[in-house]
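User: Hi! I've got a new structure here and would love a walk through it. Can we start with the surface?

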Amino acid sequence: MMGIERRKHPRFESFNLLSYVCLDENNHALDQGMGRTLNVSEGGILLETPNPIDPKHTLVLTIGDGKVRTGIQFIEMNEATLGTLKRYVKAFGKA
C-alpha cells in the first residue's frame, strides 16, 4: 500500500559535493566542512554531513557544479602517511 505523498515539491536524487559553513544566531561560524547532497527539491536539499546540523543555525552552502578530473601522483611520503593511505585504499576495496 502506497502512502499519501505530503511533500509540496517532488524530490530528485542528486549526488553533488558541497562545502558548508554553519552560522549561529549572530552569524558567527561554528562549524564548516564537506558533505554531499542526496536529493533535492524546490523546497530543500537532503544533505549527508560528518556532523549533525542544528536546525536553529543558518547553513551557507557552496555546491559543486560541473566536474573536472585531475590525476594526482604521490611523490614523497613518510612511512606513517603511507600506512594511512594503505588503510584508506583497503577500506574502499571493502565498500
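Analyst: Happy to help! One term to begin with: patches are made of residues with over 30% relative accessible area and no salt bridge, and nonpolar side chains such as Val, Leu and Ile are joined within 5 Å. Please keep in mind that this is a predicted model.

User: Got it. Which residues make the nonpolar surface patch of about 200 Å²?

Analyst: That patch is made by Ile45, Leu61 and Ile63. Ile63 is found in strand β5, which covers residues 58-63.

User: Is Ile63 buried, exposed or partly exposed, and what puts it in that class?

Analyst: Ile63 counts as partly exposed because its relative accessibility is 38%, and partly exposed is the class between under 20% and over 50%.

User: Let's zoom out. What does the secondary structure of the protein come to?

Analyst: There are one helix and five strands. Along the sequence they follow the pattern β-β-β-β-β-α.

User: And is the protein compact or spread out?

Analyst: More spread out than a compact globule, because the radius of gyration is 19 Å, well over the 12 Å that the globule rule gives for 95 residues. Along the principal axes, the C-alpha atoms fill a box of roughly 55 × 45 × 25 Å.

User: How many of the 95 residues are buried, as a percentage?

Analyst: Buried residues make up 12% of them. The protein exposes about 8600 Å², and carbon and sulfur atoms supply 55% of that area.

User: What about contacts between residues at least 6 apart in sequence: what share joins residues at least 24 apart?

Analyst: For those contacts the share is 50%. Here is another pair to look at: Gly66 and Asn16 are 50 residues apart in sequence, while their C-alpha atoms are 9.4 Å apart in space.

User: Where is Gly66 found?

Analyst: Gly66 is in the loop between β5 and α1, the helix of residues 79-94. With 55% relative accessibility, Gly66 counts as exposed.

User: Switching topic: how do β3 and β4 run, and how many bridges join them?

Analyst: β3 and β4 run antiparallel, and five bridges join them. A hairpin of two residues connects β3 to β4. You can also find Ser41 standing opposite Gly44 in β4.

User: Nice. How many salt bridges does the structure hold?

Analyst: It holds two. In one of them, Glu48 pairs with Arg36, and the closest N and O atoms are 2.6 Å apart.

User: Which parts does that Glu48 and Arg36 pair tie together?

Analyst: Glu48 lies in strand β4 (residues 44-48) and Arg36 in strand β3 (residues 29-41), so the pair ties together parts that are twelve residues apart in sequence.

User: Are those two residues buried or exposed, or something in between?

Analyst: Both sit in between. Glu48 counts as partly exposed at 39% relative accessibility, and Arg36 counts as partly exposed at 35%.

User: Which side chains meet in a salt bridge at 3.9 Å?

Analyst: Those of Asp54 and Lys56, with 3.9 Å from N to O. That pair qualifies as a salt bridge because the cut-off is within 4 Å.

User: And how exposed are Asp54 and Lys56?

Analyst: Asp54 counts as partly exposed, at 28% relative accessibility. Lys56 is exposed, with a relative accessible area of 62%.

User: Great, thanks for the tour!

Note on methods:
Residues are numbered from 1 along each chain as its sequence is written. This is a predicted model: local features need pLDDT of at least 70, side-chain atom pairs count only at pLDDT 80 or more; totals for chains, interfaces and linings use all residues. Side-chain values use heavy atoms; hydrogens and water are left out. Helices (H or I, at least four residues) and strands (E, at least two) are DSSP runs, numbered from the N terminus. Buried means under 20% relative accessible area, exposed over 50%, partly exposed in between (1.4 Å probe, protein chains only). Two strands pair if DSSP finds at least two bridges between them. Patches are made of residues with over 30% relative accessible area and no salt bridge: like charges are joined within 9 Å, nonpolar side chains (Val, Leu, Ile, Met, Phe, Trp, Tyr) within 5 Å. Accessible areas come from the Shrake-Rupley method with a 1.4 Å probe; for residues, only the protein chains shown count as cover. The radius of gyration is taken over C-alpha atoms; the globule rule is 2.2 Å times the number of residues to the power 0.38. Contact means heavy atoms within 4.5 Å.
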